[in-house]
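Trainee: I would like to learn how to read strand pairing, salt bridges and nonpolar cores from a set of coordinates. Could we work through one case?

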Amino acid sequence: MLARKDVQGTLLGINYLGIHVRRTDKLLKEARLHSIQSYLKPAEDYWLQRSFRQPNSVPRNLFVASDDARVLRDIQRKYSKHINILGKSNETRSSASLQSRYSEKSLLELLRDIYFLSKSDFLVCTFSSLICKLAYELKQFREDATGSFTSLDDSYWFPGSQAHATVALRDHIPQNNLSDGNASRNQIAIQKGDRVNGVFNLWDGFSIGVNTRTNEKGTFPTYKIAEIEEAANFSLFSNSASSAF
């Protein structure tokens, strides 16, 4: 178990934004590489929005967690002039490398990272990573964290959860003859009102999913769909049940 002083460190009482950058073996087949800039863009947007409500009082503190020691070094080199970077040294970060990942030291570092990520005011990560999901789940345990995160790839899900259903906001006609290699891949047609399931955001302006009307699977512009919010029916709060309270 982590000692209390090890967990608390110097971050408690500080407002900060957390990012988790999962790389190394994850990039072999399970996830795509996202640049450091793509993580910092949501962070900059968050700080800008906060500055509108709290002029001159928004701390630009950033906690960085990663399994790649080069990430912290790159962020320090490129952004340290206008961002206060929190976290540990590259030597400590290297405990997450593939060579030492299953050591006791690496486990303790991982637990610290999850804890501090979950305590952040805003979280930027990739839901394709279980570490990212766990940090988000811990945030949800303490507060409604629905609007205090950005995932750069997947939407939130867990084994056994219901599929995320989306609806088409406007028509899309496939344009597979475009010269852009990304935009030209196996596009499908969607019509306004179509339900599209199994959607995965490719984060290049396109998503991939299955049109339930045509049963076709392919890509389409992400901005042309929106997630469907479905309310669960809790009988406890029906008129018959609530009258007993």
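Mentor: We will take the sheet, then the salt bridges, then the cores, bearing in mind that this is a predicted model.

Trainee: In what order do the five strands of the open sheet stand, and what is the sense of the pairing?

Mentor: A sheet is read from strand to strand across its width, not along the sequence. Here the order is β9-β8-β7-β6-β10, and the pairing is antiparallel.

Trainee: Which strands stand at the edges, each with a single partner strand?

Mentor: Those are β9 (216-221) and β10 (225-227); each has one partner, so one side of each is left without a neighbour in the sheet. As for the twist, neighbouring strands of this sheet are turned by 45° against each other on average, with direction ignored.

Trainee: How many bridges pair β6 with β10?

Mentor: Three bridges, in the antiparallel sense, and β6 covers residues 165-168. To place the register, take one residue and look across at its partners. Val167 stands opposite Ala226 in β10, and its bridge partner in β7 is Arg195. The pairing of β6 with β7 is antiparallel as well, over three bridges.

Trainee: And how many bridges pair β7 and β8?

Mentor: Four, again in the antiparallel sense. One point to check on screen is Asn201, whose bridge partner in β8 is Ser207.

Trainee: Next, the charged pairs. How many salt bridges does the structure hold?

Mentor: The general idea is that side chains of opposite charge can pair when their charged atoms come close. The structure holds eight salt bridges. For each one, read the distance, the location of both partners and their exposure.

Trainee: Where do Asp67 and Arg22 lie, and what does the pair tie together?

Mentor: Their side chains meet in a salt bridge at 2.7 Å, N to O. Asp67 lies in the loop between β2 (61-66) and α3 (69-79), and Arg22 in the loop between β1 (17-21) and α2 (36-53), so the pair ties together parts that are 45 residues apart in sequence. Both Asp67 and Arg22 are buried.

Trainee: How many residues apart are Asp74 and Arg77?

Mentor: They are three residues apart in helix α3, about one turn of the helix. Their side chains meet at 3.5 Å, N to O. Arg77 is exposed, with a relative accessible area of 59%.

Trainee: Asp194 and Arg213 also meet in a salt bridge. Which parts does that pair tie together?

Mentor: The distance is 2.8 Å, N to O. Asp194 lies in the loop between β6 and β7 (195-201) and Arg213 in the loop between β8 (206-211) and β9, so the pair ties together parts that are 19 residues apart in sequence. Asp194 counts as buried at 6% relative accessibility, whereas Arg213 is partly exposed at 44%.

Trainee: Last, the cores. Which residues of the largest nonpolar core touch the most other members?

Mentor: A core can be read as a network of contacts, starting from its best connected members. This core has 21 residues, and Leu17, Ile19, Leu40, Trp47, Leu62, Val64 and Ile75 touch the most other members. The elements giving two or more residues are β1, α2, β2, α3 and β4 (122-125). Of these, α2 gives the most, with six residues.

Trainee: What does Leu17 touch?

Mentor: Leaving out residues up to four places away in sequence, its contacts include Ala43, Trp47, Leu62, Phe122 and Val124. Apart from the largest core lies another, of 13 residues, among them Ala65, Leu117, Tyr136 and Ala145.

Terms used:
Residues are numbered from 1 along each chain as its sequence is written. This is a predicted model: local features need pLDDT of at least 70, side-chain atom pairs count only at pLDDT 80 or more; totals for chains, interfaces and linings use all residues. Side-chain values use heavy atoms; hydrogens and water are left out. Two strands pair if DSSP finds at least two bridges between them. Axes are lines fitted to C-alpha atoms, for helices over the stretch in contact, and angles run from 0 to 180 degrees between N-to-C directions. A salt bridge is a side-chain nitrogen of Lys or Arg within 4 Å of a carboxyl oxygen of Asp or Glu. Buried means under 20% relative accessible area, exposed over 50%, partly exposed in between (1.4 Å probe, protein chains only). A nonpolar core is a set of buried Ala, Val, Leu, Ile, Met, Phe, Trp, Tyr and Cys residues joined through side-chain atoms within 4.5 Å. Contact means heavy atoms within 4.5 Å.
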